[in-house]
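Colleague: Can you walk me through this model? Keep it brisk, please.

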Amino acid sequence: MSTDRQPIPEPVAEPVVMAHLFAQRTERLQPLYTSAALILTWSFRLGAVLLLLGIVLAVLQRQPLNHVTGAFGEVVPSVLRGEAAGVVDLAILWLMASPVVVVLVVATGFWRLGERRYTALSLLVLLVLGISIALALVR
């Protein structure tokens with residue numbers, strides 16, 4: 001029996017090419033990742049500060065906090081009156097709006113990069129967030 005068979009070459013080039021393409025794509029998307037992380041980080045920090053400020057005001061003014069957020073149109077006037085419940089409501093609304101801003105930034109970034117599929121998916125996520133927020137605010 002002859003062993004004229006040659007060994008089948010391993011497809012080494014394909015993983016190397018794929019890794020290179022992945023690195024290029026990741027590099028292209030890095031500013032988008034950075035901006036999304038930055039917005040989420042700072043919006044959470046601001047929301048946490050607003051929430052703590054509302055709690056401190058409630059303790060100092062001996063005001064009870066609401067079990068349910070006030071009407072949307074009453075939040076800013078109650079904050080301007082210095083009511084603790086208004087500040088807490090503002091913090092809650094801020095934390096609800098932050099993901100919407102991030103999804104808008106991400107969708108815009110994908111659009112600019114020519115990633116139409118991910119733009120459409122981002123807009124779908126934005127629609128779901130919008131419906132969820134609308135349902136939460138409507139009583």
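Modeller: What follows is a short run through the fold, one helix pair and a few residues. This is a predicted model, where local features need pLDDT of at least 70, side-chain atom pairs count only at pLDDT 80 or more, and totals for chains, interfaces and linings use all residues. Residues are numbered from 1 along each chain as its sequence is written, and side-chain values use heavy atoms, with hydrogens and water left out.

Colleague: How many helices and strands are there in the protein?

Modeller: Four helices and zero strands. Helices here are DSSP runs of H or I with at least four residues, strands are E runs of at least two, and both are numbered from the N terminus. The order from the N terminus is α-α-α-α.

Colleague: What share of the protein counts as buried?

Modeller: Of its 139 residues, 23%. Buried means under 20% relative accessible area, exposed means over 50%, and partly exposed is in between (1.4 Å probe, protein chains only).

Colleague: Now the helix pair. At what angle do α3 and α4 pack?

Modeller: About 165 degrees, with the axes 8 Å apart. Helix α3 covers residues 84-112 and helix α4 covers 116-137. The axes are lines fitted to C-alpha atoms, for helices over the stretch in contact, and angles run from 0 to 180 degrees between N-to-C directions.

Colleague: So what do you call that arrangement of α3 and α4?

Modeller: Roughly antiparallel. Angles over 145 degrees get that label, while under 35 is roughly parallel, 65 to 115 roughly perpendicular and the rest oblique.

Colleague: Which residues make the contact?

Modeller: From α3, they include Leu93, Met96, Val100, Leu104 and Phe110. From α4, they include Arg116, Tyr118, Leu126 and Ile133. Contact means heavy atoms within 4.5 Å. By class, the contact has 18 nonpolar, two polar and one charged residues. Ala, Val, Leu, Ile, Met, Phe, Trp, Tyr, Cys and Pro count as nonpolar, Asp, Glu, Lys and Arg as charged, and the others, Gly among them, as polar.

Colleague: What span should α3 have, and what do its end C-alpha atoms give?

Modeller: Its 29 residues should span 42 Å at 1.5 Å a residue, and the end C-alpha atoms are 42 Å apart, which agrees. The expected span is 1.5 Å times one less than the number of residues.

Colleague: What about Tyr118: which residues does it touch?

Modeller: Arg25 and Phe110, not counting residues up to four places away in sequence. Tyr118 is partly exposed, at 31% relative accessibility. Its C-alpha atom is 7.3 Å from that of Ala107, eleven residues apart along the chain.

Colleague: Back in α3, is Asp89 buried or exposed?

Modeller: Buried, at 7% relative accessibility. Asp89 touches Asn66, Thr69, Gly70 and Val75, leaving out residues up to four places away in sequence.

Colleague: And Ser78: where is it?

Modeller: In helix α2, residues 72-80. Ser78 is buried too, at 5% relative accessibility. Beyond its neighbours within four places in sequence, Ser78 contacts Glu83 and Gly86.

Colleague: Last topic, backbone. Which residue has a positive phi although it is not a glycine?

Modeller: Arg62, at about 55 degrees. Most residues other than glycine have a negative phi. Arg62 sits in the loop between α1 (13-61) and α2. It is exposed, with a relative accessible area of 77%.

Colleague: What phi does Gly114 take?

Modeller: A positive one, about 85 degrees, just after α3.
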